[in-house]
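Colleague: Please take me through this model. I want to hear about cysteines, surface and core.

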Amino acid sequence: MIKKFFLLIGISVCTGFLSKAGGFNSHQALAISIFLVSVLGTLLFWEFRLAFVFLGSSALLLTNTINLESLIKFASLDVILFLVGMMVLVALLKETGLFAWIVSLILRIRNLTANKFLVVICFISAVLSAMTSEVVSIIFMVAAILEICDYFEVDPVPFIIISVFATNIGSAATVLGNPIGILIATKAGLTFEDFIIKAFPISVVCLIAVIFIFKFWYRKNLAQLDEKIKELGANEILIKLISVPIERQLRIALFIFGVTLFFIALHHRLEILLHLESNTILLTIPLISAGVVMLWKWQRAREFIEKDVEWWTLLFFMLLFAQAGALHYTGATDTAAGYLAKVSGNNPVNLLVLIISVSAIGSSILDNVVLVTAFIPVIQSFKNIGFNLQPLWWALLFGGCLGGNITLVGSTANIVALGILEKERNIKLTFFRWFWIGLTVGIISIIITALILIIFPIYHV
């Protein structure tokens, strides 16, 4: 641990001096060094990540690199409150049994085959992720997959990998699927409608493409599952899975969730009608829903807030956002944007490819929230150079989500799924068992996305 700590300090100090020599001023170099300490500290000392952002943010204030008012502004409290509201709502859905009910309904398939099972888990993983979040989706999908694979006595690993990849792809389809979605939406002024019109189709195309990859890559596993289905039959396991009744509390929870989705979907139209600032309804409707939930479940209200809201993660996000904002505040991102524009030859297409490639590679190593947080102020700075930001925002979104499929630690959904697999079945995946299929899926889905973003004019307005 001591060696890692000195390595961290050494890298950050060297980065500061190199930044100064590369044309950044003292405050810019300091902001870059402190942000790098927080990012690398998260990688090397995961359990201490909150301590790093606390210390780093304090250092920015004490060195007058950023003032208090700007630090609070860049902390993106609007995003944090949105996530708090959604976490309370998801806690209610879990408590009332929504996800078990949804999975049980979808698994009511006649004449079940391995290919049908493959398509079902892909689309359900993607849809659940888009509607709730990648983490919630993968928890329930892994539980369902393990139960089914146990019954048919087949290896669950390929099907869990398939579900994780579909979850990450689906998480880019709406602002609800991934924290980077709401983060980009608020910074870029994108609406829920924008995601449905522009992001959702790309996710569907990528999902269909990777289903064919899965059918080829795991053809032996699918053939084995087909044999087991013929041998054991599917009726007994399906009867067990579909015996989840829909109760009164679940109906009420579904109503609240449905109303929330309705207002989120129409938020842009309502904001225009009511003359409200952009994304006001998008960011407040989860809080209103959470308030209704806490009034209804008042005995559990404190528990919803204290136990079901991930305060550790939200505080980390908030201060990391503030540190990224310091890069913008000092002008470091303007300089960085100039360098990237120069590397791309000031060509919009080259820049788009550069952004989606770097964000995908970075997300395969870093948490995508960390990477996107660092990139957002850089993207904003391209406006000063004369670039159209619209395709760049979508490139950043999909690079961050799709790149998470490349490695074991590429996204939170990956880590959660592997943790459950290890805990429940004592199965540990090797790096390369994941990497080769992850790299294949990652490269193909990123190429598809880049081509769509380049070819279709809708992504440039």
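Modeller: First, a term: buried means under 20% relative accessible area, exposed over 50%, and partly exposed in between (1.4 Å probe, protein chains only). This is a predicted model, where local features need pLDDT of at least 70, side-chain atom pairs count only at pLDDT 80 or more, and totals for chains, interfaces and linings use all residues. Residues are numbered from 1 along each chain as its sequence is written, and side-chain values use heavy atoms, with hydrogens and water left out.

Colleague: Is cysteine 206 buried or exposed?

Modeller: Its relative accessible area is 1%. The cut-off for buried is under 20%. Cysteine 206 is therefore buried.

Colleague: How many disulfides does the structure hold?

Modeller: A disulfide here is a pair of cysteine sulfur atoms within 2.5 Å. The closest cysteine sulfur to that of cysteine 206 is in cysteine 401, 11 Å away, so too far for a bond. The count of disulfides is 0.

Colleague: Which element gives the most to the nonpolar patch?

Modeller: The patch includes Ile196, Phe200, Ile443 and Val461. Its members have over 30% relative accessible area and no salt bridge (Lys or Arg side-chain nitrogen within 4 Å of an Asp or Glu carboxyl oxygen), with nonpolar side chains joined within 5 Å. With 5 residues, the top contributor is α24, a helix (DSSP H or I run, at least four residues).

Colleague: Which helix gives the most to the largest nonpolar core?

Modeller: A nonpolar core joins buried nonpolar residues through side-chain atoms within 4.5 Å. The largest has 145 residues, and Phe159 is one of those touching the most other members. The helix giving the most, 11 residues, is α5.

Notes
Patch = residues over 30% accessible without salt bridge, like charges linked within 9 Å, V, L, I, M, F, W, Y side chains within 5 Å. Areas by Shrake-Rupley, 256 points an atom, 1.4 Å probe, with all protein chains shown as cover. Helix = DSSP H or I, 4+ residues; strand = E, 2+ residues; numbered from the N terminus.
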